[in-house]
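Reader: Could you walk me through this model, starting with the charged side chains and then moving on to the fold?

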Amino acid sequence: MLYVDDDGGVLVYQVENQGCAYWGVLLKDLEQDDPPTVTRLDGLGAQWEPWEARLSVACVAMVMSEFVLLDEGPTDYLELEEGTDLGRAFRRLPDVGRETGPDVLMREIAGEFVNVRARTGAVLDTVREAVPGDWLEG
């Protein structure tokens with residue numbers, strides 16, 4: 001769904017399923033080949049904040065995020081403990097997340113949360129062992 005927000009300054013391209021977060025592109029930036037994106041969380045004084053530096057990256061991140069959130073298959077969620085460094089154990093994909101190889105896809109969000117999808121439960125267990133914390137499903 002594409003629409004211009006109520007203030008008329010942002011073309012919204014994604015809305016969180018409960019309507020509490022929005023992603024878009026400032027109308028003034030639409031003339032750029034690959035414009036930066038913004039996000040807004042609902043609440044008092046909600047402001048549009050910078051998100052991804054390029055719309056192409058935001059689109060890849062959006063598809064990846066939806067994939068790791070599917071209910072089917074081995075998947076989990078973790079609220080990261082302060083100071084957790086995923087870079088020691090996992091290879092970073094440019095601008096969109098992390099992966100351990102062809103069997104695991106991780107989406108790190110603002111250094112605070114991680115969504116994970118694995119090909120098998122055993123591989124997901126390996127990720128849980130590598131990243132300590134109170135996993136939602138584990």
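Reader: Is K28 buried, partly exposed or exposed, and what is its relative accessibility?

Author: Happy to start there, with the reminder that this is a predicted model. Exposed means over 50% relative accessible area. K28 passes that cut-off, so it counts as exposed, with a relative accessibility of 61%.

Reader: Which residue forms a salt bridge with K28, and is that partner buried or exposed?

Author: The closest N and O atoms of the pair are 3.3 Å apart, which fits the cut-off of 4 Å for a salt bridge. The partner has a relative accessible area of 8%, so it is buried. That partner of K28 is D29.

Reader: Which parts of the chain does the pair D34 and R54 tie together?

Author: D34 and R54 form a salt bridge, with 3.5 Å between the closest N and O atoms. D34 lies in the loop between β3 and β4, and R54 in the loop between β5 (49–50) and α1 (55–68), so the pair ties together parts that are 20 residues apart in sequence. D34 is partly exposed at 28% relative accessibility, and R54 is partly exposed at 37%. The parts tied together are thus the β3–β4 loop and the β5–α1 loop.

Reader: Where do D125 and R128 lie, and how far apart are their closest N and O atoms?

Author: Both residues lie in helix α2 (residues 121–130), three residues apart, about one turn of the helix. D125 is partly exposed, with a relative accessible area of 37%. D125 and R128 form a salt bridge, and their closest N and O atoms are apart by 2.8 Å.

Reader: How many salt bridges does a search of the whole structure find?

Author: We have already met some of them, including the one between K28 and D29 and the one between D125 and R128. A search of the whole structure gives a total of five.

Reader: Which side chain of opposite charge is nearest to D5, and what does the side chain of D5 reach?

Author: D5 sits in the loop between β1 (3–4) and β2 (10–15). D5 is buried yet has no salt bridge, as the nearest side chain of opposite charge, R40, is 4.4 Å away. R40 is also among the residues that D5 touches, together with V10, V12 and W48, leaving out residues up to four places away in sequence. What the side chain of D5 reaches, at 3.0 Å, is the backbone nitrogen of G9.

Reader: Which residues make the nonpolar surface patch?

Author: One of them, L27, has its place in the loop between β3 (21–26) and β4 (38–41). L27 has 31% relative accessibility, so it counts as partly exposed. The patch covers about 220 Å² and is made by V4, L27 and L30.

Reader: What is the relative accessible area of L78, and which residues is it in contact with?

Author: L78 belongs to strand β6 (residues 75–79). L78 is buried because its relative accessible area is 0%. The C-alpha atoms of L78 and R128 are separated by 9.1 Å, although the two residues are 50 residues apart along the chain. Leaving aside neighbours within four places in sequence, the contacts of L78 are E112, F113, V114, V131, P132, G133, D134 and W135.

Reader: How many helices and strands does the chain have?

Author: From the N terminus on, the order of elements is β-β-β-β-β-α-β-β-β-β-β-α. Of the 138 residues of the chain, 36% count as buried. The count is two helices and ten strands.

Definitions and conventions. Residues numbered from 1 in each chain as written. Predicted model: local features only at pLDDT ≥ 70, side-chain atom pairs only at ≥ 80, totals over all residues. Heavy atoms only, no water. Helix = DSSP H or I, 4+ residues; strand = E, 2+ residues; numbered from the N terminus. Buried < 20%, exposed > 50% of the residue type's maximum accessible area, 1.4 Å probe, protein only. Lys, Arg positive; Asp, Glu negative; His and termini not counted. Polar contact = N/O pair within 3.5 Å; in protein donor to acceptor, adjacent residues only side chain to side chain. Contact = heavy atoms within 4.5 Å. Patch = residues over 30% accessible without salt bridge, like charges linked within 9 Å, V, L, I, M, F, W, Y side chains within 5 Å. Areas by Shrake-Rupley, 256 points an atom, 1.4 Å probe, with all protein chains shown as cover.
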